[in-house]
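Me: Got a minute for a model? I'd like a quick run through the geometry.
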Amino acid sequence: MTERSTIFAGFGGQGILFAGTVLARAAMAEGREVLWIPSYGPEMRGGTASCTVIVAEEAIGSPVVDQADAVVALNPPSLAKFEPVVAAGGLLVINRSLIEAEVRRNDVEAVELPCTALAREAGDDRLVSVVALGALLARRPLVSLASAGAAIEAIVSAKRPQILEADLAALRAGYEAAAVETVPA
Amino acid sequence: MTTAAVAPATMPERVLWKGNEAIAEAAIQAGCDAYFGYPITPQAELLEWMARRMPELGRAFVQAESELGAINMALGAAATGKRVLVSSSSPGISLMAEAMSYMAGSEVPVVLVDVMRGGPGLGSIGPSQSDYLQLVKGHGHGDYRVPVLAPASIAEAMALVADAFELAERYRTPVAILADGALGQAMEPVVPEYREPPRRPSTWQADTARGRAPRVVKSLILRPEDLEAHNRDLQAKYRSIEEHEVRWAGESLDDPEILVVAYGTAARVARTAIARARAAGLRAGLLRPITLWPFPTLALRGLARHVRAVLVVELSAGQMLDDVRIAVEGLAPVAFHGRTGGMLPSPGDVVTELRRLWSITEPVNGRHRPQRGRRPVPTEPTLATGHGEQLDEGVAAEDLPALAEVWR
Amino acid sequence: MTTEATGAPAPPRILYQRPRALVDKSTHYCPGCGHGIIHRLIAELLDELELAQQTIAVAPVGCSVFAYDYIAVDWIESPHGRAPAVATGVRRTNSDAFVLVYQGDGDLAAIGTAEIIHAAARGERITTVFVNNGIYGMTGGQMAPTTLLGQKTTSSPLGRDPKLAGYPIPISEMLALLRGVDYVSRGSVADPPSVGKVKAMLKRAFEIQRAGGGFTLVEVLSNCPVGWGMTAPESMAHLAEVAETYPLGVILDRSKGIGPGVDPGLSTRLAGRAEEAPR
């Protein structure tokens, strides 16, 4: 099985669907198969949101992920909900700016970063999911950092070119922070 | 192309597209003259796409006052010979049953997209396959059928839209595309390749009697003798569709011990489950109906002779199950696994069912029969409750609910 | 019969003949029913305005479901009450056609209320002939939304009681409030002068559609001798009483400045930003 699944979860407004879309577009640009699916609900601002991105070399089967290879949790409810879903040996990216709870799993790799703070440094709190995407790619090279950057550029340039630099800075900040952080034993 | 792109230069440019939007654009590229709709989750993006694209192409778009309005606008436009698309989700599809019956009776071609959600009633907006009975078994009143096409991927949905228009016009019948919320909301890379079916010359439509005798497009035939004759004609048409238009896809069908029958999103879940089961030595195969009516009865019957069990997987309480049983004709035990209400079965759920079925059946003389006197064969639907059940031979159902909640 | 032997006779002066657009066959309508008169008026106008070959008509469910057997144009049969939606689909995909809708009062004012209001509000360029006989005739004379207070029907056997069944709906007046509507009037088939006025109203509505105007509707108070339990002459005479609940006349003629919808303040407010209704 060559499928690699990632769940992005957080509050609405944290750019969850955007980060997933960036990963999906980058994977497509690299010639992979990919499936992006949101947890869709009644329209409500500020509610919890999640999306799943499956990247594969061949046609993708189930859109349902019972064991995620990676989970990006940007707020406390997301960690509570999706921590059990991470596959053994999988990756958990945690936004320490908002999440105080400790990781209970000892069979997963955890990357714990102040994603919101890093996003603020890059230029905007709302880039928190882009920071987390950078961190994810540092540990799981599902796509190259360059592909992710190109995907961001393709999406953002059309609508809000003025925030492109901040987006790319956030992606790099997450990548670099996760690349240097040591993995807990 | 330069070598700057990571993708091979031979690969055609793909676009990442949401199912609802891809279906809409495929319809436009298939020559759709008019679209009528009403907002409902999870198909609203289809309406929104049409709201932008159809007027810019000079084609008809109306956001109707209700699904009743939408389907009857479709009836009006289609009765004048235009190529018409209408879409909704389950509760709205219920409202459309009336006009679908009229169009079947008056033989007006139209394509209806149903992006199914959980029911009954207002239900949920989660993905579901609980409109199978509604659309496959006739939908509205009267003896009629409509071809029902069930895509399992966004690319397939795009291709089936063009096929649906062609079928509708060839047989002068409404055609339904049965998708679900997961397919409508997901994004996948697709090659933006389209097909516009050729327009067939037709002599039935009511498009003004310029230089010819007036025509009436109607379903009222008050004399029972005449209406029975009309019904005979309709049934002959349906037999012809059954003979010529059955479509299905199979995977891992060389040597299956257990045959899984599933369509749409459920088939994708089953596909992953089958791969996992095979990796563990359990040979399962998949029959995926693409046409739900006409159902691939004969193909399924042929396969059922050679397997120890058949497992039906649906996002429902067991609606296609009846058609599978009819096809299998008792040649193999038929078990069922389904989730309802907008929940999806996970691949792990299906693997558990496969292992359980394998454990309670065994091959006999090259033909597989259920063991008797040990454990009842689950010929009744064993609707998953989401709780692990301790099974014989130590096969435990995996913990289901937390995972399926992802998709709520 | 003329014969050539007698030389050239004076050409006959035709006082009355079947319009070409009216099919030469007996109708299924009960003796004395007003539908036949209204069909004829439509057919006369289709001839006079040379519209028959440009027309796509939509038939309702009700007594007039068979209108397609009597008026020689292309017809589409609609589900009960949905004719305005069906006509919308026709209109939006056949810009050159003359779109005619024929509806009864059960069809238009009860089961099809949503469809007629929204077709009118959208300003669909269609003409609706709304035949109001205050009763469900085809199903055996049950109470309609238009049934008069106190009127006995098979489903209001003691007479329509507003406490039980509410009040008659003046739907034409309601529709005349909508900005998408350009013409609404109400006539009656009670007597020849009234019939003449109905024809003038229909002609006005047809011409407005041909000129690219918005939604037009002519309500025609008609009789149902069988459903009303009257002789045909009694039922015709009774139409005067019906007209007390449903006053006759032009309710709205926007381009002539007649009607509630053309009150300058109201129309400006209702028109909002979209000055032109979709055509």
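Reply: Here is a short pass over chain C, then one spot in chain B.

Reply: This is a predicted model: local features need pLDDT of at least 70, side-chain atom pairs count only at pLDDT 80 or more, and totals for chains, interfaces and linings use all residues. Residues are numbered from 1 along each chain as its sequence is written, with chains lettered from A and ligands numbered from 1 in the order in which they are written.

Me: What does the secondary structure of chain C come to?
Reply: Chain C has 11 helices and nine strands. These are DSSP runs, numbered from the N terminus: helices are H or I, at least four residues, and strands are E, at least two.

Me: How much of chain C counts as buried?
Reply: 54% of its 279 residues. Buried is 20 or more other C-beta atoms within 10 Å of a residue's own, exposed is 12 or fewer, and partly exposed is in between, with C-beta atoms placed from the backbone.

Me: Which residues of α1(C) are buried?
Reply: H35(C), I38(C), H39(C), L41(C), I42(C), A43(C), L45(C) and L46(C).

Me: And what comes just after α1(C)?
Reply: E50(C), with a positive phi of about 55°.

Me: Switching to chain B. Where is T203(B)?
Reply: In the loop between β8 (187–190) and β9 (216–217) of chain B.

Me: Is T203(B) buried or exposed?
Reply: Exposed, because T203(B) has 7 other C-beta atoms within 10 Å.

Me: What separates T203(B) and R278(B)?
Reply: Their C-alpha atoms are 54 Å apart, and the two residues sit 75 residues apart along the chain.
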